[in-house]
Amino acid sequence: MKTVKISLNSIDKVKSFVNEITKFDIDFDLVSGRYVIDAKSIMGIFSLDLSKPIDLNIHAEGDSSEILDVLKPYLV
């Protein structure tokens with residue numbers, strides 16, 4: 001598992017983020033304080049405080065460089 005900090009501070013960013021990560025057949029979790037939600041759930045993302053960076057847990061085996069390339073626009 002790899003953890004990165006991301007920022008989803010606009011509706012357009014949330015929509016494009018979900019569209020990008022749903023292309024991968026692995027699990028992603030967003031962690032904000034004590035809340036952990038499925039990162040592929042738009043409704044779940046909007047239940048979080050998006051004014052601050054959020055931790056993204058990537059549950060991938062092996063090399064995750066392709067995923068990190070896709071996530072570059074969101075990384076903090």
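User: Why is Lys-23 called exposed?

Analyst: In this predicted model, Lys-23 has a relative accessible area of 62%, and since exposed means over 50%, Lys-23 counts as exposed.

User: What makes the contact between Lys-23 and Glu-20 a salt bridge?

Analyst: The side chains of Lys-23 and Glu-20 meet at 3.5 Å, N to O, and because the cut-off asks for a side-chain nitrogen of Lys or Arg within 4 Å of a carboxyl oxygen of Asp or Glu, the pair is a salt bridge. Glu-20, with a relative accessible area of 26%, lies in between the limits of under 20% for buried and over 50% for exposed, so Glu-20 is partly exposed.

User: How many salt bridges does the structure hold, and what does the one between Asp-55 and Lys-5 tie together?

Analyst: The structure holds 4 salt bridges, one of which joins Asp-55 to Lys-5 with the closest N and O atoms 2.9 Å apart. Asp-55 belongs to strand E4 (residues 54-59) and Lys-5 to strand E1, so this pair ties together parts that are 50 residues apart in sequence. Asp-55 has 24% relative accessibility and Lys-5 has 42%; partly exposed covers what lies between under 20% and over 50%, so Asp-55 counts as partly exposed, and so does Lys-5.

User: How do you know that Asp-69 and Lys-72 form a salt bridge, and are these two residues buried or exposed?

Analyst: The closest N and O atoms of Asp-69 and Lys-72 are 3.3 Å apart, which falls within 4 Å, so the pair qualifies as a salt bridge. Asp-69, at 48%, is partly exposed, whereas Lys-72, at 55%, is exposed, because the dividing value for exposed is over 50%.

User: Why do strands E1 and E3 count as edges of the sheet?

Analyst: The open sheet of 4 strands runs in the order E1-E4-E2-E3, with antiparallel pairing. Strand E1 (2-6) and strand E3 (35-38) each have a single partner strand, so one side of each is left without a neighbour in the sheet. Neighbouring strands of this sheet are turned by 30° against each other on average, direction ignored.

User: How do you know that E2 pairs with both E3 and E4?

Analyst: Pairing requires at least two bridges between two strands. Strand E2 (residues 27-32) has 4 bridges with E3 and 5 with E4, so both pairs meet the requirement, each in the antiparallel sense. Towards E3, Leu-30 stands opposite Ile-37 and Asp-29 opposite Asp-38, while in E4 the bridge partner of Asp-27 is His-59. E2 and E3 also form a hairpin with 2 residues between them, and Gly-33 in the turn has a positive phi of about 65°.

User: Which residues of E2 lie on its covered face, and which on its uncovered one?

Analyst: Phe-28, Leu-30 and Ser-32 make up the covered face of E2, and Asp-27, Asp-29 and Val-31 make up the uncovered one.

User: Why are the buried residues of helix H1 said to line one face?

Analyst: In helix H1 (residues 11-21), the buried residues are Val-14, Phe-17, Val-18 and Ile-21. Seen down the axis of H1, these buried residues fall within an arc of 95°, so they line one face of the helix. An α-helix has 3.6 residues a turn, so residues three or four places apart point the same way.

User: What do the buried residues of H1 pack against?

Analyst: They pack against E1, E2, helix H2 (42-46), E4 and helix H3 (65-71).

Technical notes: Residues are numbered from 1 along each chain as its sequence is written. This is a predicted model: local features need pLDDT of at least 70, side-chain atom pairs count only at pLDDT 80 or more; totals for chains, interfaces and linings use all residues. Side-chain values use heavy atoms; hydrogens and water are left out. Axes are lines fitted to C-alpha atoms, for helices over the stretch in contact, and angles run from 0 to 180 degrees between N-to-C directions. Buried means under 20% relative accessible area, exposed over 50%, partly exposed in between (1.4 Å probe, protein chains only). The arc is that of the directions from the helix axis to the C-beta atoms. Contact means heavy atoms within 4.5 Å.
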